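Here are a few exercises to work through with the model open. Try each task before reading its solution.

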Amino acid sequence: MWESMQQFFFSCKRQPDLYEENKMSYTALYRKYRPQNFEDVKGQEAIVTTIKNQIKAGRIGHAYLFCGTRGTGKTTVAKIFAKAVNCERPLDGSPCGECPSCRAVAAGNSMNVIEIDAASNNGVDNIRDIRDEVTYAPTEGRYKVYIIDEVHMLSPGAFNALLKTLEEPPSYVIFILATTEVHKIPVTILSRCQRYDFHRISTDVITQRLQALIQQEQVQAEEKAVRYIAKSADGAMRDALSLLDQCVAFYMGQELTYEHVLEVLGAVDTERFSRMLRAVAGNDIVNVMRQIEELAAQGRDLVQFVNDCTWYLRNLLLLQSSQDFEDILDVSSENMLLLKEDCQMFQPVELIRDIRIFSELSNQMKYSPQKRILLEIAFIKLCCPQMEQDQESVVARLNQLEKKIEQGAAVQPAKAAQALEMKTAQEAPEVKPRLPKAVPQDIQEVVRNWRGILSEMPGMAKTYLQGANLSLGRENTLLIVLEDAIGAEILSEETHLAEIAAIISRAVGKEVQVQIQLNDTGHAFEEAYVDLKQVIHMDIEYEEDGEGREG
């Protein structure tokens with residue numbers, strides 16, 4: 001009995017270990033299906049062909065620069081290159097994958113292939129270690145290959161140390177530098193490398209690759225779902241495999257449908273954009289707000305929604321510009337019908353205005369905790385173009401008026417003229433802004449040093465304040481006037497306003513009362529406010545330390 005109890009406790013103790021072993025044995029799809037030879041690399045045919053020809057002809061360079069966006073195959077091609085130059089039985093310039101050298105590189109324990117992450121090894125000493133190592137020839141194989149990933153992260157001193165090695169490298173050394181930000185690489189390094197630009201992989205190529213892997217993994221998936229994953233990857237094969245892995249894991253054992261993918265990725269169906277824009281065209285703000293409420297309740301990613309909506313508007317504009325774009329747009333036949341119907345509701349100028357609003361909104365939402373409020377304000381602006389005074393908004397208002405007339409909404413000329421006269425009288429300022437009798441010295445300092453003060457502002461505040469004007473408010477407060485309603489609302493929040501006031505007070509060495517105001521007068525700033533930038537250069541009386549003096 002004691003032996004049976006020992007066996008029972010022993011099995012219980014072993015079970016978690018077996019679970020951990022099984023759990024750790026899973027390999028992510030992007031690692032499991034990483035290409036092991038040049039033939040498996042998809043979407044970079046020109047680069048692969050050039051490198052294979054160099055290997056076959058024996059015209060191998062000493063330094064290569066692989067640049068491009070993430071997930072396009074830079075490091076993968078570098079590793080295959082490293083295997084191919086040391087392969088004992090290369091096949092048409094590609095590694096055989098069977099010889100000891102190929103297996104050692106694939107396992108990551110080859111002494112001839114050294115991978116370095118420049119993000120964490122970016123100092124001069126790290127590069128000096130490489131300079132010392134390259135003096136020793138490889139003990140086996142023909143080449144020592146150094147793969148330096150994210151090379152743009154090297155310090156200036158490290159780049160200088162690397163430059164010396166690139167100028168006079170040993171014949172058995174190959175450097176492969178990989179980067180996503182080639183503009184940060186010094187020209188002296190660029191001129192000594194063969195440069196290869198890895199472009200974004202097309203949606204069709206990514207879709208074909210995903211479908212092949214899905215068959216190997218024995219996963220059921222709709223073609224529409226796979227294509228949406230490929231499109232969401234934005235040209236990066238690694239991102240596509242990671243997204244596919246995420247979706248398959250969430251719906252393990254079930255067929256991966258289009259709706260499942262939208263739910264996992266927090267995305268929105270194309271039909272939703274059509275419904276939203278139809279509500280905008282009808283000035284139905286209540287309907288728009290209700291749909292935004294549904295998006296928030298479903299946990300959709302609002303930033304992704306804005307980006308996708310911008311893309312939908314772009315497709316509308318292209319289709320409206322020319323019917324030739326119908327073959328270029330990467331949409332299904334049912335979505336093409338929606339696009340054709342929706343593009344009849346808007347003028348090109350309106351679509352350009354809407355794209356501009358959404359582009360600005362996308363940048364604002366990245367740094368704002370109130371994403372939903374910004375989204376609602378943007379849609380209100382779309383529905384109510386009278387809120388803005390630019391040319392695009394005026395065209396949108398005229399288009400709305402034409403639609404009302406077409407629908408039979410008659411306007412009485414007498415009443416319309418009377419309303420216009422009353423509105424004009426209300427908008428016209430009763431008196432022109434008066435020049436202040438005295439401008440405090442601290443306000444003067446703010447105006448004179450405004451550029452320097454702007455440079456101290458945080459990113460979002462600086463963006464909004466770039467186009468602001470300075471005026472004098474009641475009780476000698478600094479009045480910052482903005483033309484952007486969203487910017488004025490955000491900067492008027494207590495936290496942002498306090499931060500702006502603190503930076504201004506610190507710059508002039510004295511506490512300054514600051515007020516943010518939107519110019520909603522319907523007139524230019526110079527007509528409705530006192531422009532302090534002009535006033536401080538005029539011959540008027542200034543106030544200094546509570547006592548007036550003649551300027």
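**Exercise 1.** How many bridges join strand β7 to β8, and do the two run parallel or antiparallel?

*Solution.* Keep in mind that this is a predicted model. Start at β7, residues 478-482: five bridges join β7 to β8, and the two strands run parallel. For a concrete pair, look at Val481, which sits opposite Gln517 in β8.

**Exercise 2.** Work out the strand order of the sheet and which strands stand at its edges.

*Solution.* First, the order: three strands make an open sheet, β6-β7-β8, with mixed pairing. Next, the edges: β6 (469-472) and β8 (514-518) each have a single partner strand, so each has one side without a neighbour in the sheet. Then the twist: ignoring direction, neighbouring strands here are turned by 35° against each other on average. Finally, add the helix: α25 (residues 494-508) lies across β7 and β8, and runs at about 125° to β8.

**Exercise 3.** Describe how helix α11 meets helix α12: what is the crossing angle, and which residues are in contact?

*Solution.* Two packed helices are described by the angle and the distance between their axes. Take α11 (residues 237-250) and α12 (residues 258-265): their axes come within 10 Å and cross at roughly 105°. Angles of 65 to 115 degrees count as roughly perpendicular, so that is what α11 is to α12. Now the side each helix brings: α11 supplies Leu243, Gln246, Cys247 and Phe250, while α12 supplies Val261, Val264 and Leu265. Sort them by class and you get six nonpolar residues, one polar and no charged ones.

How values were computed
Residues are numbered from 1 along each chain as its sequence is written. This is a predicted model: local features need pLDDT of at least 70, side-chain atom pairs count only at pLDDT 80 or more; totals for chains, interfaces and linings use all residues. Side-chain values use heavy atoms; hydrogens and water are left out. Axes are lines fitted to C-alpha atoms, for helices over the stretch in contact, and angles run from 0 to 180 degrees between N-to-C directions. Helices (H or I, at least four residues) and strands (E, at least two) are DSSP runs, numbered from the N terminus. Angles under 35 degrees count as roughly parallel, over 145 as roughly antiparallel, 65 to 115 as roughly perpendicular and the rest as oblique. Contact means heavy atoms within 4.5 Å. Ala, Val, Leu, Ile, Met, Phe, Trp, Tyr, Cys and Pro count as nonpolar, Asp, Glu, Lys and Arg as charged, and the others, Gly among them, as polar. Two strands pair if DSSP finds at least two bridges between them.
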